[in-house]
Amino acid sequence: MSSFDAPDMPSGQDAAAAAEVQQFLAEEQQRAAMLGVVSKLTVTCWDTCVSKPGSKLSSWESDCISNCARRFIDASVFILNRAAKQQGRHSLLGREGPGERPQLDPPGLWTGWVGPAAGTALPPAEAPHPLMPVVG
Amino acid sequence: MNPSLATPRDREEFFRAARAEASDQLLQELIQTVADKCFAKCITKPGSSLTGGESACLAKCMDRFLEARTLVVKALETQQ
């Protein structure tokens, strides 16, 4: 966990400065997410493609790893789209607006009903960025 | 540590330090992953010390793993 505590932002904070910090945090969060995918994929594809490490990666191993990464993304997109269809919505995480009622017929294949997950009225909270200023 | 973000210089320093910390964290995780994976591949019959063969295997494994990671990054970059 980060050693940084909440940065002090004086109450008279310039709006442009606050935007700069928000922008930075958003970029870092996106970068972290991307790197998370890379790390996970590297492990998965290493397990799939490399049995015994040699003095260099064979062309078979190299192709396998590249294909593995690309097909994993393809597979994820395929699964998400198909699950969304089966669930009965455009988006698997679709959130009804204040005036809408959850559709009950036909029920979503993945949860038995169509609507946001029980207990969530808001978009799923993203893990707080470790450097995000803590209020209070 | 409570950095002030009042001045542009303060913010620059904060961004720089934050990125460095994120980079350190990434490196730490990567090393841990390599250690786990390469131990599994190379140390199949743990003896009373690390043999030359095991060390050589670990060295190769580290290098190959990093190459694999580079391939993954490239594949994702060129993915539509």
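Which hand, left or right, does the link of A:Cys45 and A:Cys68 have about its S-S bond? To find out, select these two cysteines in chain A, keeping in mind that the structure on screen is a predicted model. With -80° about the S-S bond, the link of A:Cys45 and A:Cys68 is left-handed, and the two sulfur atoms of this disulfide are 1.9 Å apart. The pair links distant parts of the chain, for A:Cys45 sits in helix α1 (residues 15-49) of chain A while A:Cys68 sits in helix α2 of chain A, 23 residues apart. If you switch on a surface, bear in mind that both A:Cys45 and A:Cys68 are buried.

Stay in chain A and select A:Cys49 together with A:Cys64, which form a disulfide with their sulfur atoms 1.9 Å apart. The torsion about the S-S bond of A:Cys49 and A:Cys64 is about -75°, so this disulfide is left-handed. Because A:Cys49 lies in helix α1 of chain A and A:Cys64 in helix α2 of chain A, the pair ties together parts that are 15 residues apart in sequence. A:Cys49 and A:Cys64 are both buried. When the bonded cysteines of chain A are numbered in sequence order, the pairing reads 1-4, 2-3.

Now move to chain B and select B:Cys38 and B:Cys61, which are joined by a disulfide with an S to S distance of 1.9 Å. The link of B:Cys38 and B:Cys61 is left-handed, with -80° about the S-S bond. This pair, too, links distant parts of its chain, since B:Cys38 belongs to helix α1 of chain B and B:Cys61 to helix α2 of chain B, 23 residues apart. B:Cys38 is buried, as is B:Cys61. Counting bonded cysteines along the chain, the disulfides of chain B follow the pattern 1-4, 2-3, and a search of the whole structure finds four disulfides over all chains.

Next, display both chains and turn to the contact between them, which takes 33 residues from chain B and 44 residues from chain A. Chain B and chain A bury about 3600 Å² between them, 66% of it on carbon and sulfur atoms. Across this interface there are three salt bridges; to view one of them, select B:Arg11 and A:Glu20, whose closest N and O atoms are 2.7 Å apart. Between chain B and chain A, 11 residue pairs are in polar contact. On the side of chain B that touches chain A, α1 (8-42) and α2 (52-78) of chain B each supply at least two residues, and α2(B) gives the most, with 14 residues. Colouring that side of chain B by residue class would show 19 nonpolar, five polar and nine charged residues.

For a closer look from the other chain, select A:Ser62, which lies in helix α2 (residues 59-87) of chain A. Is A:Ser62 buried or exposed? A:Ser62 counts as buried because its relative accessibility is 18%, under the 20% cut-off. Leaving aside neighbours within four places in sequence, A:Ser62 is in contact with A:Leu57 and B:Leu71.

Finish at A:Thr111, in the segment after α2 of chain A. A:Thr111 has a relative accessibility of 43% and therefore counts as partly exposed. Adding A:Ala84 to the selection gives a pair that is 27 residues apart in sequence and 11 Å apart in space, C-alpha to C-alpha.

Methods: Residues numbered from 1 in each chain as written. Chains lettered and ligands numbered in written order. Predicted model: local features only at pLDDT ≥ 70, side-chain atom pairs only at ≥ 80, totals over all residues. Heavy atoms only, no water. Contact = heavy atoms within 4.5 Å. Buried area = accessible area lost by both parts, 1.4 Å probe. Salt bridge = Lys/Arg side-chain N within 4 Å of Asp/Glu carboxyl O. Polar contact = N/O pair within 3.5 Å; in protein donor to acceptor, adjacent residues only side chain to side chain. Helix = DSSP H or I, 4+ residues; strand = E, 2+ residues; numbered from the N terminus. Nonpolar A, V, L, I, M, F, W, Y, C, P; charged D, E, K, R; others polar. Buried < 20%, exposed > 50% of the residue type's maximum accessible area, 1.4 Å probe, protein only. Disulfide = S-S within 2.5 Å.
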